[in-house]
Amino acid sequence: FREIRSCILGRALSSSGHTILMGRLKGSLSAFSRLQSNMSAWVIDEYGNNGVLRFTEEATAPSISSGDDVLIRVHAASLNPIDIAMRAGYGSILLKLRRDLMSLGQNASEFPIILGRDVSGVVVDCGSGVTHFTPGDEVWAAVPPWKQGSLAELVSLSEYEVSHKPSSLSHTEAASVPYVASTALSALVNAGGLGRDNCADKRVLIIGASGGVGTFSIQLLKAWGAHVTVTCSHNAEGLVRGVGADDVVDYTAGDVAAELGRLEKFDVVLDNVGGGSEHWAPDLLKAWSGAKYVTLVTPLLANTDSMGLLEGGVRSGLALSQVAVKNMCNGVFYRWGFYAPDGPVLDDVSRLVDTGKILPVVEATFPFAQVPLAFQKLEGGHARGKTVISVNQEAQEGMAGTEGVEENTSEAGGDGAKELN
């Protein structure tokens with residue numbers, strides 16, 4: 001396999017002219033991908049703690065199986081709290097059902113599972129119906145949780161889940177954005193009703209703002225003209241103010257609900273923490289004005305895991321209805337926010353990145369060989385941006401441009417450990 005790659009690249013390099021070189025390289029990438037049956041990856045064969053992570057060079061490589069498939073060679077991936085949760089079995093019942101539907105009801109074991117919901121890399125092959133990408137394109141994407149993830153050499157996604165990578169970012173930087181961008185946009189736009197055209201007079205509160213979703217949301221809302229108040233620990237204040245937060249409340253300094261209650265009421269609350277905050281945060285909203293409380297910490301997957309698909313789904317629906325009616329009687333709307341992969345949405349994010357309105361926030365990077373250490377670091381909580389994995393040498397070389405970001409953000413504290421959508 002490696003000899004074939006060397007031969008292909010060698011012939012390309014011996015050709016004259018830059019155009020011929022790039023054309024043959026793109027062609028060779030496509031041909032090469034069809035020859036690869038195995039790949040290196042980090043997998044789990046059972047649910048559990050960090051000990052279930054296993055490195056293998058014999059993972060089954062994805063291939064083009066439908067007309068809209070895009071096969072991507074992974075340069076960099078990143079970890080999110082959902083990866084820790086999925087490693088332990090979070091959402092396994094619903095996700096296994098979705099995988100079974102994708103495999104035409106074969107009801108096979110879900111293992112081995114490859115985690116990783118972010119990818120930045122290069123297209124190596126495309127299905128016959130793909131029109132927006134060709135081999136050689138640099139792309140980024142958020143990987144749906146029911147598909148094999150990005151802690152591997154290759155990942156296969158549909159054309160509509162993929163976007164062209166911002167030209168201003170390295171792969172390492174780019175890998176920190178797609179999952180949090182997709183989650184934040186789904187929560188703020190679909191559940192919160194916000195957008196670039198209606199944010200100029202809006203006040204938004206973000207609870208637990210120094211993690212990946214929080215830091216992205218601050219930048220997006222400021223780009224749209226909103227006033228943004230956040231909660232975080234004291235040592236994260238520099239980070240959140242650096243990405244645009246207007247007001248910062250230290251949740252470790254006392255009664256955070258009382259402190260926030262002294263401020264002007266909000267139009268939208270985005271809650272990345274859940275738990276007790278959903279009991280007092282809706283009271284901070286403007287009553288009878290269409291204001292919305294959106295939480296990213298929902299019980300749906302946990303309920304189906306513990307109670308089964310039917311009972312867990314019914315119990316979750318009843319819980320949502322009860323809380324929604326209670327809040328509606330107080331003049332505000334209660335919403336659940338969900339992560340939704342969407343390539344066209346990432347196209348918009350890419351433009352914001354390339355115009356300097358959104359910057360990647362990378363706290364730490366790890367080589368591919370140290371994936372368990374990256375999980376261990378993330379599992380410690382108090383996220384200060386994203387934890388990125390350099391999957392190949394090209395991505396590791398791109399790390400030179402992110403060292404300053406890592407150094408700056410590592411001094412701040414955060415609260416992103418419960419973003420599980």
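Which residue is the bridge partner of Val-204 in E11? Keep that in mind while we walk through this predicted model.

## The six-stranded sheet

Let's settle the opening question: Val-204 has Val-268 as its bridge partner. The strands involved are E8 (residues 203–207) and E11 (residues 268–271), which pair in the parallel sense over four bridges.

Those two belong to an open sheet of six strands, and the order across it is E10-E9-E8-E11-E12-E13, with parallel pairing. At the edges you'll find E10 (247–250) and E13 (333–336); each has a single partner strand, so one side of each is left without a neighbour in the sheet. Going from one strand to the next, the twist averages 15°. Helix H6 packs on this sheet, where it touches E11, E12 (292–295) and E13. The direction of H6 makes about 155° with that of E12.

## A β-α-β unit

Now look further along the chain. Strand E14 (residues 362–367) is mostly covered, with five of its six residues buried. E14 runs parallel to strand E15 (residues 386–390), and five bridges join them. One spot to find on screen is Ala-364, which stands opposite Thr-387 in E15.

Add helix H14 (residues 371–379) to E14 and E15, and you have a right-handed β-α-β unit.

## The nonpolar cores

In soluble globular proteins, nonpolar side chains tend to be buried together. Here, the largest nonpolar core has 91 residues. Those with the most contacts inside it are Leu-151, Ile-206, Phe-216, Ile-218, Leu-221, Val-230 and Ile-389. Helix H6 (residues 178–191) supplies the largest share of this core, eight residues.

Try clicking on Leu-221. Leaving out residues up to four places away in sequence, Leu-221 touches Leu-188, Leu-194, Cys-199, Val-204, Ile-206, Ala-226 and Val-228. So Val-204, the residue from our opening question, turns up again among the contacts of Leu-221. There's also a second, separate core of 16 residues, including Val-249, Leu-260, Ala-281 and Leu-284.

## How far to trust it

How confident is the predictor, on average, along the chain? The average pLDDT is 85, and 83% of the residues score at least 70. Over residues 1–22, though, the pLDDT is below 50, and this stretch has 15 contacts in the model beyond near neighbours in sequence.

Residues 394–421 also stay under 50 in pLDDT, and the model has 91 contacts for them beyond four places in sequence. Where pLDDT is low, the predicted coordinates should not be read in detail.

Conventions:
Residues numbered from 1 in each chain as written. Predicted model: local features only at pLDDT ≥ 70, side-chain atom pairs only at ≥ 80, totals over all residues. Heavy atoms only, no water. Buried < 20%, exposed > 50% of the residue type's maximum accessible area, 1.4 Å probe, protein only. Pairing = 2+ DSSP bridges. Right-handed = clockwise from strand over helix to strand, strands pointing away. Core = buried A, V, L, I, M, F, W, Y, C linked by side-chain atoms within 4.5 Å. Contact = heavy atoms within 4.5 Å. Axes fitted to C-alpha atoms, helices over the stretch in contact; angles between N-to-C directions. pLDDT = per-residue confidence, 0-100.
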